[in-house]
Amino acid sequence: MEISEIRVSYSNNKKDRLKITNSKQSYDILMACWNKATLELQEEFKVLLLNRSNQVLGIYPLSKGGTASTVVDAKLVFSVALKCNASSIIIAHNHPSGNLNPSEADKSITEKLEKAAKYLEINLLDHLIVTKDDFFNDFVFV
């Protein structure tokens with residue numbers, strides 16, 4: 001019987017990183033990486049990964065869905081956060097309709113991810129709902 005070896009590696013070779021201090025900065029960084037051509041067409045979910053100093057490690061495009069929803073797999077959110085040694089995350093998704101109000105599903109996934117984050121000692125700093133012109137945030141940025 002052959003057993004696969006598991007390897008974990010981490011490399012941090014960037015010296016100058018953007019630092020997040022408020023939700024507007026998060027929105028601006030996320031929008032710089034969002035495909036504007038599909039923002040009003042297809043719902044997407046992204047994870048902004050931060051170190052202990054709230055410096056940006058990267059953005060992970062978690063999922064793309066349809067016009068009204070997308071799948072958010074908590075295991076994938078936190079496997080990525082753990083892999084890059086993130087201390088905090090900011091989650092975001094767009095509403096193609098342009099409506100910034102959170103749905104019940106939005107509130108539910110925020111609660112689910114917030115509970116999981118606490119167990120893993122990862123700070124869930126914010127959940128942004130974005131449109132091309134504005135954003136709504138579920139949390140006061142900590």
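Biologist: How many helices and strands does the secondary structure of the protein chain come to?

Modeller: Keep in mind that this is a predicted model. Reading from the N terminus, the elements go α-β-β-α-β-α-β-β. The tally for the protein chain is three helices and five strands.

Biologist: What does the globule rule give for 142 residues, and what is the radius of gyration of the protein chain?

Modeller: The C-alpha atoms sit in a box of roughly 50 × 40 × 30 Å along the principal axes. For 142 residues the globule rule gives 14 Å, and the chain comes out close to that, so it is as compact as a globular protein of that length. The radius of gyration itself is 15 Å.

Biologist: Okay, what share of the contacts with a separation of 6 or more comes from residues 24 or more positions apart?

Modeller: Some background on burial before that: 44% of the 142 residues count as buried. As for the contacts in the protein chain with a separation of 6 or more, residues 24 or more positions apart account for 67%.

Biologist: Which strands stand at the edges of the sheet?

Modeller: The sheet is open, with mixed pairing, and its five strands are ordered β2-β1-β3-β4-β5. An edge strand here has a single partner, so one side of it is left without a neighbour in the sheet. On average, neighbouring strands are turned by 20 degrees against each other, ignoring direction. The edge strands are β2 and β5 (135-137).

Biologist: In which sense do β1 and β3 pair, parallel or antiparallel?

Modeller: In general, strands of a sheet pair through backbone hydrogen bonds, in one sense or the other. On the β4 side, seven bridges join β3 to β4 (residues 123-130), and those two run parallel, with H93 opposite I129. On the β1 side there are six bridges, and I89 of β3 is the bridge partner of L49. The sense for β1 and β3 is antiparallel.

Biologist: How many residues of β3 are buried?

Modeller: Take the faces one by one. One side carries S88, I90, A92 and N94, the other I89, I91 and H93, and all of these are buried. The count for β3 is therefore seven of its seven residues.

Biologist: At about what angle does helix α1 run to β4?

Modeller: Helix α1 covers residues 23-32. It lies across β1, β2, β3, β4 and β5. Its angle to β4 is about 60 degrees.

Biologist: Is the crossing of α2 and α3 left-handed or right-handed?

Modeller: A pair of packed helices is described by the angle and the distance between the axes. For α2 and α3 (residues 104-120), the axes come within 11 Å and cross at roughly 35 degrees. The crossing is right-handed.

Biologist: How many charged residues does the contact of α2 with α3 have?

Modeller: From α2 come A74, V77, F78 and L82, and from α3 come K112, L113, A116, A117 and L120. By class, eight of the residues in this contact are nonpolar and none is polar. The charged count is one.

Biologist: Does N54 count as buried or exposed?

Modeller: N54 lies in the loop between β1 (44-50) and β2 (56-64). Its relative accessibility is 16%, and the cut-off for burial is under 20%. So N54 counts as buried.

Biologist: What is phi of N85 near?

Modeller: N85 has its place in the loop between α2 (74-83) and β3 (88-94). Its phi is positive in a residue other than glycine. For N54, too, phi is near 60 degrees. The value for N85 is near 60 degrees.

Definitions and conventions. Residues are numbered from 1 along each chain as its sequence is written. This is a predicted model: local features need pLDDT of at least 70, side-chain atom pairs count only at pLDDT 80 or more; totals for chains, interfaces and linings use all residues. Side-chain values use heavy atoms; hydrogens and water are left out. Helices (H or I, at least four residues) and strands (E, at least two) are DSSP runs, numbered from the N terminus. Buried means under 20% relative accessible area, exposed over 50%, partly exposed in between (1.4 Å probe, protein chains only). Axes are lines fitted to C-alpha atoms, for helices over the stretch in contact, and angles run from 0 to 180 degrees between N-to-C directions. A crossing is left-handed if the near helix is turned anticlockwise from the far one by less than a right angle, and right-handed if clockwise. Contact means heavy atoms within 4.5 Å. Ala, Val, Leu, Ile, Met, Phe, Trp, Tyr, Cys and Pro count as nonpolar, Asp, Glu, Lys and Arg as charged, and the others, Gly among them, as polar. Two strands pair if DSSP finds at least two bridges between them. The radius of gyration is taken over C-alpha atoms; the globule rule is 2.2 Å times the number of residues to the power 0.38.
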